[in-house]
Amino acid sequence: MSDEQFYHALKVDEDTCFGCTHCMHDCPTGAIRLRNGKATIRKDWCVDCGECMKSCPVDAIYVEQDDFIEIFSYKYRVAIVPAVFFGQFPENISEERILSVMNELGFTHVFQAEHTVDIINEVILEFQDTKPEKPLISSFCPAIVRLIQVKFPALVDHIVPVKPPIDASAAFYKYLLIEKGATAEEIGIFYVTPCAAKIAAVKSPVGDDQNYVDGVINMDFLYNKVYQVLKSQTNTSSTIKQAAFPQLTSKGLKWSLTDGEADHMKGRCLAIDEIHNVIDFLERLENEEISDVDFLELRACDQSCAGGVLLSGNRFLGVERLRNRARALENKTFQTEELESFRNFIKKNIHLESLSPRSMMKLDEDMSAALKKMQRIRHIMCFLPGIDCGACGAPNCQSLAEDIVRKEAHLSNCVFIQRMMEKTRKLSPDHAIRLIENTWGKDRLDKDCKKKGAKNEGM
Amino acid sequence: MEFKYDVEGGNFAKAGHAASAVKKVLKQLNVNPKVIKRVVVALYEGEVNVVAHAFKGRIIADIDPSRIYIKIEDQGPGIPDIDLAMQVGYSTASSKVREMGFGAGMGLPNMKKNADKLQISSNVGKGTVVELTTYFNS
């Protein structure tokens, strides 16, 4: 299986994780297990949506990023920044000031990811004219693309074979600089990401062999850095070293927000945000309960990218700011000559290679073997209590039963089964405690007044 | 291996429950996604028929490595003329049901299209039995 190659940006900080069940219960693909008192993420099941990070009470889940110093290994240091980055700042801080701080921090060029949305829009509309199987599903959100690959393999063919704006913009800017005389090695393209899924997509792109992004910087990291400089500035005038910073159109500003794409496609278009909503919708779509939809914009985060796990501000305020700014720019077009001259290049390089399903659902490649396993699971479920407490280290009884059949857990991991075994003297109390410690860590049940919520918390 | 699902007549909010459950099972068994789709579409139609027309029903799905056999049994008005019901576009659905997006007269024809074998028997005033078989390697 090639699943092992999949890079995941979400990591568990084992020193901080104290072993609760929040992330395990919130993971929409059931990819988290508790082992030895720490959360572990199953690589081939994780879609990098970031729900675990949002639910962690102690910030033990983090997004791995490239070291900022790495930007200085390049002569031309390009930051590709999505519009939601600017939406986090209060309205009295202008884009120009933010840009000048980014120049100060070391970026020689700043380019907004959504500059290529008009061309992407055009290509998708042309593709819609070829009457593909309905509905088309946007490839914009990398967590959704992965979700479909692992959980809805039959829908993989519905994903629009057009790259998302960040990839198109990265490709464009690299070629623009080469055109202007830079060599490929001198150019470092860094994407400022609002989410974990995008990092994973950059490090291990799905359905795309060529990758123009050289590194990824977490949006919260850059936000703090920029904000710190802004706060210490006494002189509020900006000095932009970069020649022209083209203005995004109203469409570009709103593209990554909910309805950003759906508003501009042909036919009946629907926008659905938040991953559980998306899963529910895709279930119905698969059953053909829903038909006659032409285009689906699906985003893993509530409020789409404004709700990205690496954003610092409140997502509703971010959406409001971007919409306000978009309103002021309505009906205005900003022709950036450079972008226009590369229109054909972008259109040619925007095609997304076909994606392959990699179902996480199957119990076995061989159907007879899978049937036997399923029979065993159903048998095991006769004994498990159906409480779904998570005390076994799996999110629910069904998952434990499946883990047992996969030989990754034992029936005695269930604390209620342990009780029954103690009653029938098949298990000694000491052994039972050891079993619990295997899942929840050594001495986990000892008195500890420093734990979260206890009387000496933080002391 | 046998699976049983109860279907409540008149409750459209729950229509599709059995289809989703069977879909999950077939995915776990690594059945070809295209075959899964056919089975699920046919089953969903059958499930909606029970919800729309009958008082209550029961779905039994039996799976072996070669095929899935589904029996949809209901207690309801029955179908007086099965040949007529099989015609595309023929519908007895009330306007209320049509407003909800059901009852376009495609149910049985769509089931026939998506199953390898379809057998219907009905007893007017008592109920209907629909049997579907789909082979995994067809």
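User: How many Å² does chain A expose, and what share of it do carbon and sulfur atoms supply?

Analyst: Accessible areas come from the Shrake-Rupley method with a 1.4 Å probe, and for residues only the protein chains shown count as cover. In this predicted model, chain A exposes about 20,900 Å², with carbon and sulfur atoms supplying 48% of it. For chain B the accessible surface is about 6,700 Å², and 50% belongs to carbon and sulfur atoms.

User: Before going on, which conventions should I keep in mind?

Analyst: Residues are numbered from 1 along each chain as its sequence is written, while chains are lettered from A and ligands numbered from 1 in the order in which they are written. Because the model is predicted, local features need pLDDT of at least 70 and side-chain atom pairs count only at pLDDT 80 or more, whereas totals for chains, interfaces and linings use all residues; side-chain values use heavy atoms, leaving out hydrogens and water.

User: What is the mean pLDDT of chain A, and which of its elements has the lowest value?

Analyst: pLDDT is the predictor's confidence in each residue, from 0 to 100. Chain A has a mean of 89, and 94% of its residues reach 70 or more. Helices (H or I, at least four residues) and strands (E, at least two) are DSSP runs, numbered from the N terminus; among the elements of chain A, helix 13 (residues 337–341) has the lowest mean, 75, and strand 11 (residues 295–299) the highest, 97.

User: How many helices and strands does each chain have?

Analyst: Chain A has 18 helices and eleven strands. Its radius of gyration, taken over C-alpha atoms, is 25 Å, close to the 23 Å that the globule rule (2.2 Å times the number of residues to the power 0.38) gives for 459 residues, so chain A is as compact as a globular protein of that length. Chain B has five helices and five strands, in the order β-α-α-β-β-α-α-α-β-β along the sequence.

User: What percentage of the residues in each chain is buried?

Analyst: Buried means under 20% relative accessible area, exposed over 50%, and partly exposed in between, with a 1.4 Å probe and protein chains only. Buried residues make up 55% of the 459 residues in chain A, and 49% of the 138 residues of chain B.

User: What share of contacts joins residues at least 24 apart in chain A?

Analyst: A contact means heavy atoms within 4.5 Å. Among contacts in chain A between residues at least 6 apart in sequence, 78% join residues at least 24 apart; in chain B, residues 24 or more positions apart account for 62% of the contacts with a separation of 6 or more.
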